[in-house]
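Colleague: I'm new to this one, so could you take me through a single part of it, the salt bridges? Please go slowly and tell me how the pairs sit in the fold.

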Amino acid sequence: MIYLVGSVETIPSNNYKLATIYDVLEYCKDKSVLGVDTETEGFDFTSKKMIMFQIGDDQKQFVIDTRIVSIEPLRNILESENIIKIFHNAKFDYKFIRKWSNISCEGIYDTFLVERVLNCGKDKVGYGLKDVCKKYLNVELNKDVRNQFIGLTGQPFRDDQIVYGAKDVEYLIKIRTHQLPLIDKYQLNNVVKLENLAVLAFADIEYNGLDLDTESWKKIEAVNDKKAKTLGMNLDFMVIEDHRLAKFVAKYIQADMFTPIEDLRKVNVKWTSPKQVLEVFQALIPDLDNVNGKAMYKYRFKFPLIDEYIQYKEAMKLCTSYGDAFFKNLSTDNKIHTNFHQILDTGRVSSSKPNMQQIPADNIYRNCFTAPKGWKYVSADYSSQELNVIAFGSKDPVWIKALQNNEDLHSTCAELVYGEEWLNAAEDDCAYMKLKMKCNCPKHKKLRTNVKTINFGLAYGMGPNKLADTLNISVDGAKVLIEKYFQAFPKIKGFLDKLGNFGKKFGYIKTFPPYNRKRWFSNWYPKIWNNKSSTMELGSIERASKNTPIQGASADMTKKALVLLRQLIKENDLEDQVKLVMTVHDQIDTICKSDFADSWGRLMKLTMEEAANEIVTNGLLKAEVTVSNCWEK
């Protein structure tokens, strides 16, 4: 049964009855599970209002016209952790409810996130409410009605809009009843609980946003623009100097009175055009078929022109992605409010509009995000998070001992991989040979970099081809280096091989306990082992099986840390003193009142390490805290 809560002048319809907000309260207060949805004027919660709020179960649904009626009487229901509120894509509704009703929802079950957990890694799975309704309920949603809420100017809702809003609530209740048995079947209860708690922290981060110093940002853009132009001129000069590229050089320059002298060019190549650049490089490498990053890195150290072009592309990307165009991401409150994508195939997180995970790690950029007056950035990140995960998973004695003794792990590994070569490379007063710390010996630095690349590459399934490109060595040389590495660390090889074989055998891989997140492989089938044409598929599954548990366990602990920090803020009434504002991989960033910053930093460190110890139970994974006036790496 559908009930409308709105103006007293509203005339009831055959499709619904009338009710008051207190009728809603009376019906919902004793329920253990409720469906909740909103309709809004648009997508930006900072400027577009929530105009409809729907709540109820599969028996009764209440549609509240929030242009007229406040949902304040429902505060205790929405903020109760004991009443489950089912949303689909909860972050969206959460931000609108908090902005326009000043209510922070708790006790959330997100059918969107649960569906992503259940199908992590699978291809051709739809996660929108329309897709999920069709899958579980065989119901076709008419999303045209939803789009008609945008642009309303105060006129009463039509019957079809009221029914549409109410049905979404009913569907959410029914979808959850279909998902729950699957959660049990695949033993995903812990990770579902984690994601349903973490979404509240991600929603708070999106809601709080980041202050951006636009003047400092513009100065960086000017520097990058100048650098890109210089690199472009260098490319022109290199083409002119290379006789093999003569056909790309004009015999004369046609100018006019309106063209600045610095814009006159003899080279007929637009360096921002991949098609034209490919023609140039094919004069040097006839078999080259594209100029994407992977293809170029293979040749950058053999052809100075290609190396210069890669630098030019990097500079242009900084100009286009992090120049004036970045300001379009500012909301009406002049803050950056990114949008998190909470569950990738590995369990890691990405974001968009803008992608804050790919903001250059250089502090030149990060320092443009500043704390308000009287506040500080208090940030905590895990020290060598993925390396600790590998050490814990493999139980490698050398890695564990190095971590226990606070030794420089990469140097310790390099010593075992290179043996005599490492010992002979030591200079006087070598910090490693004396204190097992990172040193400045030139030869040690090179050998350490080689092994460091492998150490971190383990988390991404790096093979000899990628290692060869990264270190600018031959593929055979990379194979020898990897072989020497695994001879030195057989426990790590055994750990990775076990993960790779598990994925190939069963068609999925899991992260570490207690979450045991599953990633399914869509290209797997029961007889893939015996299919000679499946070498590429097996290789792909093996690589993903090796890196997913490492990246996924790291993501799980960062999400758990976010959950614990949010709970710490709420349980101690610290909302006016501390705000979650960002997370990037293993780092969590908050802003905090200046006089509380040091105390909060100590609490952050303890909380981060509590979360880590749930997964890496040996207690070796530590967090480091920084306090500053702006965002830092």
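**A close look at the salt bridges**

Modeller: Happy to. Counting pairs of a Lys or Arg side-chain nitrogen within 4 Å of an Asp or Glu carboxyl oxygen, you get 35 salt bridges. Keep in mind that this is a predicted model. As for the basic idea, side chains of opposite charge can pair when their charged atoms come close.

Let's start with E206 and K95, whose side chains meet in a salt bridge at 2.6 Å, N to O. This pair ties together distant parts of the chain: E206 belongs to helix α8 (residues 189-208) and K95 to helix α3 (residues 90-101), with their positions 111 residues apart. Both E206 and K95 are buried.

Now compare that with a pair inside one helix. E609 and K605 form a salt bridge, with their closest N and O atoms 2.7 Å apart. Both sit in helix α24 (residues 597-613), four residues apart, or about one turn of the helix. E609 counts as buried because its relative accessible area is 14%, under the 20% cut-off. K605, at 33%, is partly exposed.

D242 and R244 make another salt bridge, at 2.9 Å from N to O. Here D242 has 16% relative accessibility, so it is buried, while R244 is partly exposed at 44%.

Finally, some of these residues don't stop at simple pairs: R98, E106, D204, R566, K570 and E575 are linked in a network of salt bridges.

How values were computed. Residues are numbered from 1 along each chain as its sequence is written. This is a predicted model: local features need pLDDT of at least 70, side-chain atom pairs count only at pLDDT 80 or more; totals for chains, interfaces and linings use all residues. Side-chain values use heavy atoms; hydrogens and water are left out. Helices (H or I, at least four residues) and strands (E, at least two) are DSSP runs, numbered from the N terminus. Buried means under 20% relative accessible area, exposed over 50%, partly exposed in between (1.4 Å probe, protein chains only).
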